[in-house]
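Biologist: I am new to this structure and would like to go through it with you step by step. Could we begin once it is in front of us both?

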Amino acid sequence: MNKFIYWFKDIMRGTDKLLLGICLVLSSIGILMVYSATRVNLKENMIISRDARTMIIAVFLGVCIAVVMSLVDYEAVTRLWPIIAVVCLGLMVSLFFFGNSPSGRQDAISWLKFGSFYFQPSELLKIGFIITFSVHLDAVKDEINSLKNVIFLGIHAMIAIGLVILTGDLGSALVFMVMTIGMLFVCGLYLRYFIFGAGAVIAVAPIAWFEFLSDFQKQRFMAIYSPASLTEATYKDVILQQKLCLNAIGSGKIFGQGLFQGTYTQAGTVPESQNDMIFSAIGEELGFVGAVGVLLVLTLLIIKIVCIGQKAVSLTGKLICNAVAVMIATHIVVNVGMCLNVLPCVGITLPFMSAGGSSNLCIYIAIGLVLSVYRSSKVGKPIDYRHGKLYSPFTESY
């Protein structure tokens, strides 16, 4: 027992405990809200719902993976980029043969089923993209503004974006686009390329609208930005989920109706209130104060990750941290925007809050990369840390 305690202390000594602590606080709140949102579905003799149980397992495994990853030099991980790319792309391609559609979305094939478990490859692809794109940018950093390199970087990004669009996952496609822009900005890409890229997006938007978006996806956009173009019946059907979500948030007022006391949440009125619409449960039961508090903690997490990136010893480490921060920020903005009825519903989770094994597990893998960058940026005497066959070359400065 004493040996285990010493080993645990040795590991935690070089871990960013504040970052990990923030994540655990957020996950704890998320599990509590998911449990509250799914109590209505509990059958007789059930203590906890499947969604809440899956989230607890995913968070536990995710934290373990994050801590282990913090012991591994992220540079060693990035050297495995070919294997990471093949695995991530292979899983995405498999969706076209074995993909499953989420409830009510037969136009999307975004899940793989393994027995009674579902896995969303696009969540893992986000991590793979962060790693491979960081390596790519680091390799061309001295000539990043050459046209040839910009074209190849664009192709790299479009492979990921194109795959998630073809599987019907518009939310993830948007996240990849914003991550790409953020990482290119950090690397100092000329402004003219961003202007050209924006023009290209505008130019191909009509093609994407008519060729790649399903009628249901189009209706979700029109329900927000052009409701008059839809029939009254179609508009009411498409906007119903977001309308109920907004009503639930508004009913929470300043301090909320109380945990497990939300009228909409406890009745299961808002569809997917444990998942994409978890912010409705937060707003209704914890009120404006609770909702803002959750957003402030998420903002603190983003700031902390960016600060770790600023102290990274390599460009790759800096890019990884900034990409993870941008990924989390994009999820927050889009998810809350959906719930507040200012952005179309594109199916995107609220980090650490929404139910789902894939999203919660993969977000902790990303945090593990950030923790590795943190540990490697510490300056001190070299240590020869060994535990069995595990070896760590990190320095000691704690």
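Biologist: Which residue has a side chain joined to that of N149 by a polar contact?

Modeller: This is a predicted model, in which local features need pLDDT of at least 70 and side-chain atom pairs count only at pLDDT 80 or more, while totals for chains, interfaces and linings use all residues. Residues are numbered from 1 along each chain as its sequence is written, and side-chain values use heavy atoms, with hydrogens and water left out. A polar contact is a pair of N or O atoms within 3.5 Å, where within protein one must be able to donate a hydrogen and the other to accept it, and residues adjacent in sequence count only if both atoms are side-chain atoms. At 3.0 Å, the side chain of N149 has such a partner in the side chain of S146.

Biologist: Is N149 buried or exposed?

Modeller: N149 has its place in helix 7 (residues 147-166), helices being DSSP runs of H or I with at least four residues, numbered from the N terminus. Buried means under 20% relative accessible area, exposed over 50%, and partly exposed in between, with a 1.4 Å probe and protein chains only. Because its relative accessibility is 9%, N149 counts as buried.

Biologist: Which residue offers its backbone oxygen to the side chain of N149?

Modeller: Not counting residues up to four places away in sequence, N149 touches V140, E143 and I144, contact meaning heavy atoms within 4.5 Å. A backbone oxygen lies 2.7 Å from a polar atom of the N149 side chain, and that oxygen belongs to E143.

Biologist: How far apart are the end C-alpha atoms of helix 6?

Modeller: The expected span of a helix is 1.5 Å times one less than its number of residues. For the 19 residues of helix 6 (residues 121-139) this gives 27 Å, which agrees with the distance in the model, 26 Å.

Biologist: Why is helix 6 described as largely enclosed by the rest of the structure?

Modeller: The description rests on how many of its 19 residues are buried. Helix 6 is largely enclosed because the number buried is 15.

Biologist: Which helix gives the most to the largest nonpolar core?

Modeller: A nonpolar core is a set of buried Ala, Val, Leu, Ile, Met, Phe, Trp, Tyr and Cys residues joined through side-chain atoms within 4.5 Å. The largest has 101 residues, and L137 is among those that touch the most other members. With 13 residues, the helix that gives the most to this core is helix 14 (residues 315-339).

Note on methods. Helix = DSSP H or I, 4+ residues; strand = E, 2+ residues; numbered from the N terminus.
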